[in-house]
Amino acid sequence: MTSSEKPLFNIERISSLLLLTESLLIFALAIYMVALGFTHDKDWLPFLSVTAFAFIGSAALFALARGIREGKRWANSPAILANLIALGVAKYQFEAGAYWLAVPISTMAVTIIIAVLIRIKNSA
């Protein structure tokens, strides 16, 4: 392959785009939770804690997407860990019968984990 040819699948690009998608989905969820704050009665401390966690998680996934895209090795382990946590969330969604939510979460998480592991293998 010459230097002008690009591979069909760039694993860093795929991983980065999937992490960015996760970041945007979590950000949208956080915005939705803010909107719920204006319309529903709730216990404020748990509500604000979960909302803040969603915004922080979104920012962290965005940073991981940038790190993966730029080829930074520090982003590998946190990206895998975040998606192992997502698999735990998907497990509870499966148990609750929310398959419409569990299947996409599982698919995206497994895809990212595999892509990052391939990235680690290729960089070694």
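Leaving aside its neighbours within four places in sequence, which residues is Ala65 in contact with? They are Ser16, Leu19 and Leu20. Keep in mind that this is a predicted model. Ala65 also belongs to the largest nonpolar core, so let's start there and then turn to the salt bridges.

**The core**

- The largest nonpolar core has 12 residues in all, among them Leu18, Leu19, Leu61, Leu64 and Ala65.
- Ile68, Ala75, Ala79 and Ile80 are also part of this core, and so are Met108, Ile112 and Val116.
- Helices H1 (11–39), H2 (44–69), H3 (76–95) and H4 (99–123) each chip in at least two residues.
- The top contributor is H2, which gives 4 residues to this core.

**Salt bridges around Glu70**

- Searching the whole structure turns up 4 salt bridges.
- Arg66, Arg69 and Glu70 are tied together in a network of them.
- Arg66 pairs with Glu70, with the closest N and O atoms 3.4 Å apart.
- Arg69 pairs with Glu70 too, and here the closest N and O atoms are 3.8 Å apart.
- As for accessibility, Arg66 is partly exposed at 40% relative accessible area, Glu70 is partly exposed at 42%, and Arg69 is exposed at 52%.

**A salt bridge within H3**

- Lys91 and Glu95 join their side chains in a salt bridge, 2.5 Å from N to O.
- Both residues sit in helix H3, 4 residues apart, which is about one turn of the helix.
- Lys91 is partly exposed, with a relative accessible area of 42%.
- Glu95 has a relative accessible area of 54%, so it counts as exposed, the cut-off being over 50%.

How values were computed. Residues numbered from 1 in each chain as written. Predicted model: local features only at pLDDT ≥ 70, side-chain atom pairs only at ≥ 80, totals over all residues. Heavy atoms only, no water. Core = buried A, V, L, I, M, F, W, Y, C linked by side-chain atoms within 4.5 Å. Buried < 20%, exposed > 50% of the residue type's maximum accessible area, 1.4 Å probe, protein only. Contact = heavy atoms within 4.5 Å.
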